[in-house]
Amino acid sequence: MERNGICIRTSGKIEKVVITDYSDMGQYVGGYLEALPIDEQKHKVSVFINEEGLIHELPINMPACLWLGSEEIWPTLDSPIHGDVLVMGATDAEGETPSVPAGTEYTIPHMLQE
């Protein structure tokens, strides 16, 4: 099953991506997936990062931090995000991760023009 997501790159590039399975998700964050412990039902999204982003000293993802902080999704001043970020829809009752809600990409600060 194909689902749509948004990849927020550390470079500032925002990409619409197609996800077919969990290996695709790991590809977009560049390693093992870690879901941020956020209130998915409140924010209507799930956010995935590279589990070892901090350990591998990946760059801080400023666009993702700005978005997560401004939407009050994640306390980025306490825990900045390192590496690329994948945004999907909120996990459903069956544990599936659906497509990101329409329009979410417009709430993310665009550092670079596409």
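## Helix α3, from its start

At the start of helix α3, a side-chain oxygen of N61 comes to within 3.0 Å of the backbone nitrogen of A64. That's a handy place to begin a tour of this structure, which is a predicted model. On the far side of the helix, just after α3, E72 takes a positive phi of about 55°.

Which residues of α3 are buried? They are P63, A64, C65, W67 and L68. Their cover includes three strands: β1 (residues 3-8), β4 (45-50) and β5 (85-89). A bit of background helps when you look at a helix like this: an α-helix has 3.6 residues a turn, so residues three or four places apart point the same way.

## A nonpolar patch outside

Now for a residue of α3 that isn't tucked away. L66 sits in this helix, which runs over residues 62-70. L66 counts as partly exposed because its relative accessible area is 40%, and buried would mean under 20%. Together with I60 and M62, L66 makes a nonpolar surface patch of about 260 Å².

## Three salt bridges

How many salt bridges turn up in a search of the whole structure? The search finds three. As a general point, side chains of opposite charge can pair when their charged atoms come close.

Let's start with R9. The side chain of R9 meets that of E15 in a salt bridge, at 2.7 Å from N to O. R9 also forms a salt bridge with D84, and here the closest N and O atoms are 2.7 Å apart. This pair ties together distant parts of the chain: D84 is in the loop between α3 and β5, R9 is in the loop between β1 and β2 (14-19), and 75 residues separate them. D84 counts as buried, because its relative accessibility is 17%. Through shared partners, R9, E15 and D84 are joined into one network.

Then there's K16 with E105, whose side chains meet in a salt bridge at 3.4 Å, N to O. Again the pair links distant parts of the chain: K16 is in strand β2, E105 is in the segment after β5, and they are 89 residues apart. Is each partner buried or exposed? K16 has 64% relative accessibility, so K16 counts as exposed. E105 has 12%, so E105 counts as buried.

## R3, a buried charge without a bridge

Back in strand β1 you'll find R3. R3 is buried yet has no salt bridge. Why not? The nearest side chain of opposite charge, E96, is 4.8 Å away, and a salt bridge needs the nitrogen within 4 Å of a carboxyl oxygen.

What does the side chain of R3 reach instead? It gets to the backbone oxygen of T97, at 2.8 Å. Setting aside neighbours within four places in sequence, R3 has plenty of company: its contacts are V17, V18, I19, T20, D21, M88, T97, P98 and S99.

## S46, out of sight in β4

The last stop is S46, in strand β4. S46 is buried, because its relative accessible area is 0%. Which backbone oxygen lies 2.7 Å from a polar atom of the S46 side chain? That oxygen belongs to G89.

Leaving out neighbours within four places in sequence, S46 is in contact with I38, E40, L86, V87, M88, G89, A90, T91 and T97. You may recognise two of these names from the R3 story, where M88 and T97 are also among the contacts.

Terms used:
Residues are numbered from 1 along each chain as its sequence is written. This is a predicted model: local features need pLDDT of at least 70, side-chain atom pairs count only at pLDDT 80 or more; totals for chains, interfaces and linings use all residues. Side-chain values use heavy atoms; hydrogens and water are left out. Patches are made of residues with over 30% relative accessible area and no salt bridge: like charges are joined within 9 Å, nonpolar side chains (Val, Leu, Ile, Met, Phe, Trp, Tyr) within 5 Å. Accessible areas come from the Shrake-Rupley method with a 1.4 Å probe; for residues, only the protein chains shown count as cover. Helices (H or I, at least four residues) and strands (E, at least two) are DSSP runs, numbered from the N terminus. Buried means under 20% relative accessible area, exposed over 50%, partly exposed in between (1.4 Å probe, protein chains only). Contact means heavy atoms within 4.5 Å. A polar contact is a pair of N or O atoms within 3.5 Å; within protein, one must be able to donate a hydrogen and the other to accept it, and residues adjacent in sequence count only if both atoms are side-chain atoms. Lys and Arg count as positive and Asp and Glu as negative; His and the chain ends are not counted.
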